[in-house]
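Work through the exercises below with the sequence and the model open side by side. Each task is followed by a solution that goes step by step.

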Protein chains: 2
Amino acid sequence: MPCANLCYNSPMKVTLFDTTLRDGAQTEGISFSLEDKLKIAKLLDELGVDYIEGGWPGSNPKDIEFFKAIKGVNLQHAKVCAFSSTRKANVKVTDDKNIKTLIEAETPAVSIFGKCWDFHVTDALKTTLEENLEMIKDTVAYCKKAGREVIFDAEHFFDGFKNNKTYALKCLKAAEEAGADVMCLCDTNGGSLSFEVQEIIEEVKQFTKAPLGIHAHNDSECAVSISGMAVHCGCAQVQGTINGYGERCGNANLCSIIPLLKLKMKMDCISDEQLKHLTELSRRVAEIANLPQSAHQPFVGRSAFAHKGGIHVSAVLKHPSTYEHVKPELVGNARRVTVSELSGISNLIFKAKEYGVDLDKNTPEVKELVKKLKQLENEGYQFEEGEASFELLMRRSLGVYRPIFELKEYSIEILQKSEENFVVKAQMKIKVAGKVYESEDVGDGPINALDGALRKVLEGIYPKIKEVKLTDYKVRVLDSKAGTAARVRVIIESRDEGRSWGTVGVSTNVVEASYLALVDSLEYMLIKG
Amino acid sequence: MPCANLCYNSPMKVTLFDTTLRDGAQTEGISFSLEDKLKIAKLLDELGVDYIEGGWPGSNPKDIEFFKAIKGVNLQHAKVCAFSSTRKANVKVTDDKNIKTLIEAETPAVSIFGKCWDFHVTDALKTTLEENLEMIKDTVAYCKKAGREVIFDAEHFFDGFKNNKTYALKCLKAAEEAGADVMCLCDTNGGSLSFEVQEIIEEVKQFTKAPLGIHAHNDSECAVSISGMAVHCGCAQVQGTINGYGERCGNANLCSIIPLLKLKMKMDCISDEQLKHLTELSRRVAEIANLPQSAHQPFVGRSAFAHKGGIHVSAVLKHPSTYEHVKPELVGNARRVTVSELSGISNLIFKAKEYGVDLDKNTPEVKELVKKLKQLENEGYQFEEGEASFELLMRRSLGVYRPIFELKEYSIEILQKSEENFVVKAQMKIKVAGKVYESEDVGDGPINALDGALRKVLEGIYPKIKEVKLTDYKVRVLDSKAGTAARVRVIIESRDEGRSWGTVGVSTNVVEASYLALVDSLEYMLIKG
């Protein structure tokens, strides 16, 4: 069923309105500096979004600084937009400090949010329904007169419509008559479902011919779907954030909405070339926000095109479209096959190809490798997140690899004298290029001390080891019923300039498991050069 | 707009089909043990789901073990379901090993997936369209004859329908005629949008009156919305997983779908009381999977009802519905506002009451305790699963508790001579009832050795310590970016005859963190008598 049949009443052109810097900044755990905001704005402009909402100048002095600084940035396409509420009740718009600051931000576009839910007007704003309509009218008209493009954010529109349809529509009419360029219907509490949004937008379209937009929140896990439905019903603007950042459960995720509009609904928004940078953009914004990108994030996540089950893998190798809804390269992502107990020889062969190793499934080495793999997995190894360890294992099994260093022995001493007062010392002997070295170090814990002792030797011989940073360290207890005698799996993620890799170690001794993963990490970096 | 107007064509009763243990187990990073699966099955039964899909016995020996073990578990409501493909092409159903194993699993229900996309039949299965219909028919009929309730999973139904509607419908017909109890329409690749699903289901309903189900994947971030739409259009069964676990971007998230069905669409599924345990269930399953629950997860996440300062907070305090789409307590979650000293104290008083301790919020001890608690939480302590440690902390702070034993010092030595050959020795001095004892032990790892040494002393004095079994041991890395110097939180679950309790320890040294949790565990048992 081609989209052309379904989207008969959709506009050809949809504008993208990004609010990562305003609504996204409300995410618990996010705190953007001015530099962060400018970096993200540049990335958004390169991606091709049409509007960048930079903040609420009237509520936050930091946001005023952003609007000053962004004037010095040469944006190619995006319009900067400043956000504000309507004027205060019973205050002249020309006397409203908030609106004054908004205009002083000197942005080409402004977004004005006005209450559309009668209950909010009377019980939160504490004013009359009539005055609220005047507030909308005055503010929109004033901003238009000041030469701004005006996006009217109809706050709580869907909840308002469900409770008092007539009043919600009156609010839209007030903004339309005052000259608003777009009327954006907001599902502020994120409580609406796609069929509700569909029915409501169809009714709104009977009432106004002005361009409509959609601004959804994810409290019902429906924000992306609602945004798609709204465009399907004729909305011409979608508001959202990168990675779905936002208060509570987040805003509608533009990293999903953009490919959905482009690839599935065939809408005109960003270019094919820009779409190919979506995955990179998502990861860079996550880095700036200092939050891990979810591996399972649609389209752009590390696992979004990862195949684990044996059946899926063998089918995907023949025809990717059997288990992939879009081609990963269109959004700048990549197909991955993971190695697990659910997988067979085809996963292994695919994986080996990634590492430049050609495997023939009928050779004894490959059969031996599969056997070894199963045995290690029974012991609790898991290579999905420890792919570098898997590559080392494969190279060792196939005899195409000589260890760069060899651990002879290590010892650790932990002395605890009183609470929060302990000394941890590690000693080791390792052999590098035929010579045995002794080393020791102290650390915050046994693994930190071992890491220190190992690096003391290796950094002397291979200075580039200094570049390796451990970026993640995870411990999973395998047979937890065994209590303190349980086996543990340790996964370490490492990074140097431009690369990252994961390694894994398993043991009943958490120190040993960590050490195995640590050694693999450094060894992998050295053989990769 | 009350749902009654919208859902006129929806069934009153919707069955919930959970596939956390089968499709959810495909998540990258998840590897459930048999024990894990049994624990989750019990939790799902308590939640009130109707079907628990336990695995694919024909593809995985571990799954066969699950179906054996689950027979010994007294489930109150849920039916266990085993999964399988249809019989192989050109093989008699009675000769098909996969189907034989399926029947041997002796489950009341089975789910049979059959291809409904012509392209998959010819290019992945490499058989004829006609033979595929026979495979569906034979397999469903055979399972019905064996007394099973049969759910037909129409694999790739939506993609199949878009490409060859006639054939996709023929596949449904084949299953229906063979006696399938439910025909579950699968969006296997997760590529469908809500308005497509709506149009397609409306067409399917013209064609068959058999009960329909929906099985959605989240590759377009629309799985929850699609599931809601399908029920709105008349589907009587929803398949999904806890926390949306599943391959690639995951399956439809039951933790969102259930409240959506119950609270918004007023469907009959689990009870109000069961719904109140949803948040707890989501967190416990995440713990078992050893994955952090996303703070921003709708309904059940820690931030789902969290309000940051300003307008939202003051409005929410007056009228929660201004910025909350449902009441958090209905799903067992809680509203969070920027934590004030006062709300901290009321929580504490509430908690203390649970332990039979009456606190007065105006005493200096209580204020001191709040301060201490905040400091510990900043360090990474979390008492939700370590309530015994919390109780000890409270008793210590209030001076109503005298430590039964006191650790003077300990030391650990780990000697690693070669791979898989290491010796771990622990030595310690502890003071019990005024006397200092020395003890030592060896173990599989440092924590096991410490446990042994500690027990050698305590068991001599308090023989009932022998009854304490450690039933779970978990390690969570807190600031993973710090690499091997990261702080870790260790949670230990212990059990004796008839009781179980959890304790927690935090340190940069995993041995120390484990030791703190271990000592709390034994101490708690002793003071409880």
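**Exercise 1: a salt bridge in chain A**

A:Arg22 counts as buried at a relative accessibility of 13%, where buried means under 20% relative accessible area, exposed over 50% and partly exposed in between (1.4 Å probe, protein chains only). Before going further, note that this is a predicted model in which local features need pLDDT of at least 70 and side-chain atom pairs count only at pLDDT 80 or more, while totals for chains, interfaces and linings use all residues. Residues are numbered from 1 along each chain as its sequence is written, chains are lettered from A and ligands numbered from 1 in the order in which they are written, and side-chain values use heavy atoms, with hydrogens and water left out.

Task: find with which residue A:Glu53 forms a salt bridge, and state where the two partners lie.

Solution. Step one is the rule, by which a salt bridge is a side-chain nitrogen of Lys or Arg within 4 Å of a carboxyl oxygen of Asp or Glu. Step two is the pair: A:Glu53 forms a salt bridge with A:Arg22, and their closest N and O atoms are 3.1 Å apart. Step three is the location, for A:Glu53 lies in strand β2 (residues 51-55) of chain A and A:Arg22 in the loop between β1 (15-18) and α2 (34-47) of chain A, so the pair ties together parts that are 31 residues apart in sequence. Helices (H or I, at least four residues) and strands (E, at least two) are DSSP runs, numbered from the N terminus. Step four is burial: A:Glu53 is buried, with a relative accessible area of 0%. Finally, A:Arg22, A:Asp23 and A:Glu53 are linked in a network of salt bridges.

**Exercise 2: two salt bridges in chain B**

Task: describe the salt bridges of B:Asp181 and B:Asp219, and say whether their residues are buried or partly exposed.

Solution. Begin with B:Asp181, which forms a salt bridge with B:Lys144, the closest N and O atoms being 2.8 Å apart. B:Asp181 sits in the loop between α8 (165-177) and β6 (182-187) of chain B, and B:Lys144 in helix α6 (residues 129-145) of chain B, 37 residues apart. B:Asp181 is partly exposed, with a relative accessible area of 28%, and B:Lys144 is partly exposed, with a value of 28%.

Next, B:Asp219 forms a salt bridge with B:Arg248, with the closest N and O atoms 2.8 Å apart. B:Asp219 lies in the loop between β7 (212-216) and α10 (223-232) of chain B and B:Arg248 in the loop between β8 (237-240) and α11 (254-264) of chain B, so this pair joins parts that are 29 residues apart in sequence. Both B:Asp219 and B:Arg248 are buried. The loop between β7 and α10 of chain B also holds B:Glu221, which has a positive phi of about 60 degrees although it is not a glycine.

**Exercise 3: the interface**

Task: describe how chain B meets chain A, in residues and in area.

Solution. Count contacts, meaning heavy atoms within 4.5 Å: 121 residues of chain B are in contact with 121 residues of chain A. Then take the buried area, which is the accessible area (1.4 Å probe) that two parts lose on being put together, summed over both; between chain B and chain A it is about 10300 Å², of which carbon and sulfur atoms give 53%. The largest share of the side of chain B that touches chain A, 12 residues, comes from strand β11 (residues 405-418) of chain B. Lastly, the rule finds zero salt bridges across the interface of chain B and chain A.
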